[in-house]
Every structure is written in C-alpha cells, then in structure tokens.
Amino acid sequence: MASIEDYALIGDHQTAALVGRDGSIDWLCLPRFDSAACFAKLLGDEENGHWRLAPKEAGTCTRRAYRPDSLVLDTEWETEDGTVRVTDLMPQRDRAPDLVRIVEGLKGRVTVRSTLRLRFDYGSIVPWMRKADGHRVAVAGPDSVWLRSEPAVRTWGKDFCTHSEFTVAEGEKVAFVLTWHPSHEPRPDPVDPHESLSVSLADWQAWAARCRYAGPHRDAVIRSLITLKALTYAPTGGIVAAPTTSLPEEVGGVRNWDYRYCWLRDSTLTLGALLACGYQEEAEAWRDWLLRAVAGDPADLQIMYGLAGERRIPEYELPWLPGFRGSAPVRIGNDAVRQLQLDVYGEVVDSLALARQAGLPAKPHMWRLHQALMEFLHETWREPDEGLWEVRGPRRHFVHSKVMAWVAADRTVRALEENPRLRGDVDHWRAMRDEVHREVCERGYDPERNTFTQSYGSRELDAALLLIPRLGFLPPDDPRVAGTIDAVRDELGRGGFLRRYNSEQTVIDGLPGHEGTFLVCSFWLADALHMTGRTKEARELFEQLVALRNDVGLLAEEYDPVAGIQLGNFPQAFSHIGLVGTAFALFGEDGEAEDKEGEDGRSDEEGAG
C-alpha cells in the first residue's frame, strides 16, 4: 500500500503529476492545478485512473532520483533480464500540456509494459478511445488526450484501458508523449520528446544556478526552491499550497482538504524566501498576483484565491472516491475561503512592505490599496475571527491575528516615517500600534506560565506564537518570548517536532480526530531558538527536519513521528518555504554559519532582528 512519501513530483508550471516508486502516475489534473484529475488512483484505486510504465512483472523500482538541479525524474529497475530507466518530465508548455516518458535500456534486454487507464473528472468518466494517424485518442466531453510513441510500439485496448508491450536492449529508447487539449479544438503540434528533455534540463539547471544560497544542505534548499517553482502557475505568478487535494492529516480520518489554491498567509514568507535566494522576477510575479487578487473592497478580502485570483471556490465532496487509504471524504474546493481571518491583512501589508524594502518596482495603486486595507483593519481588529489555522469551530480572539494587526500598523508607521512623500497620519497608526500591543500583552499573555496563549483568556497554546520575535512584536531577549518558546515546545512537542495546536485535549477546530506534527511550525521553532541564542538546538532541529524529506527531497504538510510517515497534501509549499527560510536564518547567504551564542548561550542581539 502506497505512502504519501512514495511519490515524486513532475510539472510544467501550470499543473503537476505525482509518480510512484512503481512507475505509476497516480495523480494528474489537466490542464491546470485545480482542474479535474484524469489520473486519480491516489485517492481511489486503479479504476480511477493511472498510467504505469515499468518492466513487465516488476514492482517497486531499484532506485530513483531527479537529474541534478531539475524536475526531470529518473526511475530505474534492475531485473533478471537487465536494467531499464524511465525518465519522466512535463516540458514547459507552449500551448498544450505534454507528459513525456522515455524508456531507455541500460543493460541486457528488458520487456516493458505500459498500462494507461484514463478516467476524466476525478476518476469517474471512462473516455471513448479510438485510433487516428497511428495514435490513440481519448475523448470525453471537454477533454481530449492523444497518446503516441516514438518509435511506434504495439498497442491494444482491453478492459477500458490502453496497453503497450515492447522490449528494449542496451542503448535503445522508446518515448511516449501524452498530450491534452480541449476536445473542440484541433490537436496541437506534437513535441519532440528528446528535444523536450534537453530543453527542460537546460532550463531547470539555469534557473537553479541563480540561487544565492551556498551554505550547508544546499541540495535541500535547491530542491525546495525547485518545488516552489513547480507549484507556481506561470500565467499569473500565483503559487498553490500543494498540487493535491484530500491527502489526509490523519490516515482514515476526515481532515482532508483541497490545497490547489493560493493562500495569503504564505505571502510574506514566500516573498522573503524568493528574494533571499535571488529570484526577484518570481518574487515580483508573486507580489503582482497578490495585488490583483486582493484588489477591491477590503471587507471582501479572502484568505485564499484561485490561480488567477478567482474568488469562488465552492467546496463539495466526491462520493465515488474512497480517499487515500480510506480517508474520506474527498473534497474539492475549500469552504474556508468564506472565513474571517484578520491575520491576512497583516500578511498583505507586511508583504507590500517587504517588496518596497527589496526594491521591487512600485505599482501606482499600491499605497492606496495599503491605506484601504488599514482603514478597514482599524475598524475590525477588535473582532474575533477563525484564525490562521482556519478552525471550523467558533470564532475567538486569536493572539496571532492580533499580532498581525500590530504588524500591519507597525509597517504602516515605518513606511510613513521612511518616505515622507506617502500620504497618511503617522500618529493615527502609531496610536493603533500601541493599542494593539498593549491589549495583546494584557489579554493574550498568561503571567502564571510566562507564555502567550492561543486566544484571549484560554490556556491553549499555538505554534504561531513562535513568530512573535520574528515579526518584531517583542525583542528576542524579552523573557516572555523565551517563556513562550519553552511552553510551546513542552506542550505542543511530539517526537521532537511540533504540532500547530493541541487537537487532542480540546476541540479547538470543530473536527473529530487528530493530526500530525506540522512541519512549518517545527521550522518556526528552529528560527525562534536561533533568534534567542539557542543556535545549537536550532541546528539540531533543522538537521532532523531535513532528514524527514523523502528519497527525492520532498515534504508534505505534516509528519507522524510515531508511524514515521508523512501526512497531508504533498508536496507542501509551506513546508519547503520553511526549510529555505530556516537555512538562511541559520547559515546566511555566504554559507558561513551565523552563530549568535555567547558564553551563556543567550543572544547578545536586541530588537526584532
């Protein structure tokens, strides 16, 4: 039975596929990340669609790896008859999406079997298959897929799927290309699979070479950046949280969500990671997507948007899919889009501030949008909300949401102080900043335990509290910061990693069941430890987190330290953003470790850092 970490990612900057260790592509949405899947075995079984290409009678591969600094995947099998390699990629598209699979004989003579089972609309529709110009064509409603091979190999239909079988000797190659296009349009011009491979490798490696990071675990940082690039929808610059839906936070549980959209909560951390690594063009595209998505009435600001900034993301369930390892329901869309999360206003304002500091070209309406967001936040920050984690329980006065309101006011004050040409009443925003700060310290802090709490008056904790020093709300050497770090680590820690909140003792999120440790929260813990002078502990935790990546360097949203498995949608942008950010915090751009520990092990630095 497959595990989440058994998969590797390939993609073309508009959609992505997951490839298993057995050579089966079990998830692919066409033509966009958020389109209906034509391979949905990931959330069901073989009858829901997949494409397996592997030696006949073979099981799991002998080894697999990405070509260096690329998203081109090589999977190899050693059999009694010889050794064969399958190279998988999705070349950057000109017009239509192409899935290229190249079989190459490395040793001996190996018989290879291809089994293609197309099932449109998330595994529910069997297409009509026919032959045309020597190719196989599948059509159902708006979808059309063409399959061809070079050189042509024997292909036949059986049990509503397309089979091929052939033998490759050492040095011989057989390439397959699967191309999607709208069924009412003519077939796109075919691509050369071997040229596509060469161009894709050159493009990816040239892109990776621009990375400024030269410290330890550079391979992990590069792989995380390539993953972020692969999760970017090139036409708009939007970055999806993950290319999958409904991979469970608890195997067999109901915490299964659709992550194929763009979240505002990721904006500042994403922008910071891209800028730190030298990817200004991608950072600017993400900033511009953000500006377009949030344009309009500030009262209508959403926590997430579609790939092009779409606002309607209705949630519904697919009853014909049993879910990954029986984890139902399978959900499409996300009702959390309708929640009130006041922290997103701070995220947007902080992102705009970071963009200005980095020297990204300003947009004419940017400051007016900033002002409009602030005016709305000034009137609403005292309200309860659903908070960063999209809880489906009652609204609360979440401390992180209030801290982000402080961030918004603080960044506004700084902008006005640094640029007198900007219009605004700096004293007005200073007053708001001071009021929010005072209220959080009075109502969101538990003096008995010396820790901030998840919400006003509660005893629960929240991993987002670890961001307090990073955001500048309090300096790292404030005793309340140290107390919060220790309390969060003690109460939310499990197996050396961190949960985002305690879902076991209290019903915070209105959902049954539990979840694993949240990987980005564990990276936040490493950052907080480093900022407070506990760099040795931070590095040890970072090493443990890097070791959780699967064999091709990918991370899901969560990790179960008891079962030793990854959980949640995969691969997860937030986890990889956390890895990049913590690597830079610990080791810096020049690759030299920034050790801030003095003789007493505490930080000599003050302020927000």
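For sorting the residues around an empty space, Ala, Val, Leu, Ile, Met, Phe, Trp, Tyr, Cys and Pro count as nonpolar, Asp, Glu, Lys and Arg as charged, and the others, Gly among them, as polar. The structure is a predicted model, in which local features need pLDDT of at least 70, side-chain atom pairs count only at pLDDT 80 or more, and totals for chains, interfaces and linings use all residues. Residues are numbered from 1 along each chain as its sequence is written, and side-chain values use heavy atoms, with hydrogens and water left out.

To start with the empty spaces, a general idea helps. Rolling a probe the size of a water molecule over the atoms shows where empty space is left. Here the search runs on a 1 Å grid over the protein atoms alone: a cavity is a set of points where a 1.4 Å probe fits but cannot get out, while a pocket is an open set with protein on both sides within 12 Å along at least five of seven lines, and lining residues have an atom within 4 Å of a point. Grid points are joined across faces, edges and corners, and a volume is the space filled by probe spheres set on the points.

There are 6 cavities of 30 Å³ or more in the structure. The largest cavity comes out at about 140 Å³. Its lining takes 15 residues, and Glu249, Trp257, Trp389, Glu390 and Arg500 lie nearest the centre. Sorted by class, that lining holds 7 nonpolar, 1 polar and 7 charged residues. As for pockets, the second largest pocket has about 300 Å³ of space. Of the 16 residues lining the second largest pocket, Met1, Ala2, Tyr7, Asp26 and Lys41 lie nearest its centre, and the classes split into 5 nonpolar, 4 polar and 7 charged.

The second largest cavity has a volume of about 70 Å³. Around it sit His135, Trp146, Leu147, Arg148, Val177, Thr179, Arg187, Pro188 and Pro190. Two elements, strand 12 (143-150) and strand 15 (173-182), each give two or more residues to this lining. Strands (E, at least two residues) and helices (H or I, at least four) are DSSP runs, numbered from the N terminus. Strand 12 gives the most, with 3 residues. By class, the lining of the second largest cavity has 5 nonpolar, 2 polar and 2 charged residues.

Those two strands also belong together in another way. Two strands pair if DSSP finds at least two bridges between them, and strands 12 and 15 run antiparallel with 8 bridges joining them. Strand 15 pairs with strand 9 (residues 98-117) too, in the antiparallel sense over 7 bridges. Leu178 of strand 15 is the bridge partner of Leu99, and Leu147 stands opposite Leu178 as well. In strand 15, 9 of the 10 residues are buried, where buried means under 20% relative accessible area, exposed over 50%, and partly exposed in between (1.4 Å probe, protein chains only).

Elsewhere, an open sheet of 3 strands has the order 26-27-28, with antiparallel pairing. Strand 26 (517-518) and strand 28 (565-567) each have a single partner strand, so one side of each is left without a neighbour in the sheet. Strand 27 (residues 558-560) and strand 28 share 3 bridges, and Asp560 has Ile565 of strand 28 as its bridge partner.

Turning to the helices, helix 4 (residues 267-276) is mostly covered, with 8 of its 10 residues buried. Among them are Leu269, Leu271, Leu274 and Leu275. Just after helix 4, Gly278 takes a positive phi of about 95 degrees. What about the length of helix 7 (residues 366-380)? The expected span of a helix is 1.5 Å times one less than its number of residues; the 15 residues of helix 7 should therefore span 21 Å, and its end C-alpha atoms are indeed 21 Å apart. The buried residues of helix 7 include Met366, Trp367, His370 and Met374. Their cover includes helix 5 (280-294), helix 6 (343-357), helix 8 (399-418) and helix 9 (426-443).

Finally, two single residues. Thr582 sits in helix 14 (residues 573-587) and is buried, with a relative accessible area of 0%. Leaving out residues up to four places away in sequence, Thr582 touches Phe523, Ala526, Asp527 and Phe542, contact meaning heavy atoms within 4.5 Å. Gly253 lies in the loop between strand 17 (238-239) and strand 18 (262-263) and is buried too, at 8% relative accessible area. With the same sequence limit of four places, Gly253 touches Ser327 and Ala328.
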